[in-house]
Amino acid sequence: MKIGVVGASGYAGGELLRLLAFHPHFEVRAITAHSNAGELITSVHPQLQSYAGQSFSAFSPTDFVTCDLIFLALPHGESAKVIAQLPTTAKIVDLGADYRLESAEQWSKYYGGDYAGAWTYGLADIEPFKSLISRSTKVANPGCYATSIALGSAPAATIADLSDLVVVAASGTTGAGRSAKINLIASEVAGSLTSYKFGGVHQHTPEIEQALGKVAGVNAKISFTPILAPMPRGILSTITAKLTSKVSTEEVHALYTDFFTPSQFVTVLPLGVMPKTAALTGSNHVQIQVAVDSHTSRLIVSVAIDNLGKGAAAQAIQNANLMCGLDEAAGLGFDGLGA
């Protein structure tokens, strides 16, 4: 299948190119990057020697006429500007936020600007999303935080109150994008942790609540505090919720294990083993651990992913595989790099 990537010079775009280079069914034909048009791909992504000698092109609709599948890796608000210029026959996975929210009001509150509508939500490891993705031609890839938090919370719907979720999650600096920001330079980040978008204003909040509502049929509410961690990539989310049933850690562990048995990419670790971001770097895998805090009758869930892998490019390819009727693990059958 012929593939196009729009916005390939960013971190997520570069990760897409890396994974696509070895995909058994996808052949990349069009690679665009507006601000880096004309530059060699390896000058921006020196790790991508598979693309040696190739340059980014400026976006031109004619470059995508023969593409069967197109990935959009653009900042929020930008994908909607190019959709009308792409072939209507092509399947599209948008890694940005433009088509994730079903509520125009929530879009206005958390993002602002024109509301573009909603596509099938691409949380590929759980139902009802997986079945819908397989029947869709346009899919909105979930946000990185949303992926870890929704996966970590969804199985708890029968034992915990999802209307009062409290989440603290730390992310690597690549989650903020590639554009230069003084607060993200090494001298500012190294050896330091800091919260940001503090006080319930992070844009993934309505996305998480929407996803959990679809899975559990409840009015989910989340108090979410994100933290910038001194590492390039990875997310570690800690989720807590008040239990509504008297259960043990072992019972919750069994519940989560059963819930994710159909998933090739979500691992509920053996009791006593904690998720580790470095174990997932470069992969589409998820690690989860659970515990019951009997002192406060709260469920505690720890979730680790790679924000550029499962939180962006790798999950986008998983979605594309499902959309194209392929094995969802095609091109993704590898473990993380580890420490």
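Mentor: Let's start with a cut-off: a residue is called buried when its relative accessible area is under 20% and exposed when that value is over 50%, with partly exposed in between. One caution before we go on is that this is a predicted model.

Trainee: Okay, then is F71 buried or exposed?

Mentor: F71 comes out at a relative accessible area of 0%, so it is buried. As for its place in the fold, F71 sits in strand β3, which covers residues 69-72.

Trainee: Which residues does F71 touch, leaving out those up to four places away in sequence?

Mentor: The list is I3, G4, V5, V6, L16, L20, V93, L95, A316, I317 and A320. You can also look at a C-alpha pair here: F71 and G96 are 9.9 Å apart in space, with their positions 25 residues apart in sequence.

Trainee: I'd like to try helix packing next. At what angle do α1 and α10 pack?

Mentor: Helix α1 (residues 11-20) meets helix α10 (residues 309-323) at about 45°, and their axes lie 8 Å apart. That angle is why α1 counts as oblique to α10. The crossing of the two is right-handed.

Trainee: Which residues make that contact?

Mentor: On the α1 side you have A12, E15, L16, L19 and L20, and on the α10 side A312, A313, A314, A316 and I317. Sorted by type, the contact of α1 with α10 has nine nonpolar residues, no polar ones and one charged.

Trainee: Now the charges. What is the general idea behind a salt bridge?

Mentor: Side chains of opposite charge can pair when their charged atoms come close. The cut-off here is a side-chain nitrogen of Lys or Arg within 4 Å of a carboxyl oxygen of Asp or Glu.

Trainee: How many salt bridges does that rule give?

Mentor: The count comes to nine. Take K214 and E102, whose closest N and O atoms are 3.2 Å apart. This pair links distant parts of the chain, 112 residues apart: K214 is in helix α8 (residues 205-216), while E102 is in the loop between β4 and α4. K214 is partly exposed at 43%, and E102 is also in the partly exposed class, at 46%.

Trainee: Where do K310 and D125 lie?

Mentor: Their side chains meet in a salt bridge at 2.3 Å, N to O. K310 belongs to helix α10 and D125 to the loop between β5 and α5, so the pair ties together parts that are 185 residues apart in sequence. Both K310 and D125 are buried.

Trainee: And what does K130 form a salt bridge with?

Mentor: The partner of K130 is E328, with 2.6 Å between the closest N and O atoms. K130 is in helix α5 and E328 in the segment after α10, which puts them 198 residues apart. K130 is partly exposed, with a relative accessible area of 23%, whereas E328 is buried at 6%. Elsewhere, salt bridges that share partners join E15, R18, R233 and D306 into one network.

Trainee: Last one: how many residues of helix α6 are buried?

Mentor: For α6, residues 144-153, the tally is 10 of 10, so on the under 20% rule the helix is mostly covered. Among the buried residues are C144, Y145, T147, S148, I149 and L151.

How values were computed:
Residues are numbered from 1 along each chain as its sequence is written. This is a predicted model: local features need pLDDT of at least 70, side-chain atom pairs count only at pLDDT 80 or more; totals for chains, interfaces and linings use all residues. Side-chain values use heavy atoms; hydrogens and water are left out. Helices (H or I, at least four residues) and strands (E, at least two) are DSSP runs, numbered from the N terminus. Buried means under 20% relative accessible area, exposed over 50%, partly exposed in between (1.4 Å probe, protein chains only). Contact means heavy atoms within 4.5 Å. Axes are lines fitted to C-alpha atoms, for helices over the stretch in contact, and angles run from 0 to 180 degrees between N-to-C directions. Angles under 35 degrees count as roughly parallel, over 145 as roughly antiparallel, 65 to 115 as roughly perpendicular and the rest as oblique. A crossing is left-handed if the near helix is turned anticlockwise from the far one by less than a right angle, and right-handed if clockwise. Ala, Val, Leu, Ile, Met, Phe, Trp, Tyr, Cys and Pro count as nonpolar, Asp, Glu, Lys and Arg as charged, and the others, Gly among them, as polar.
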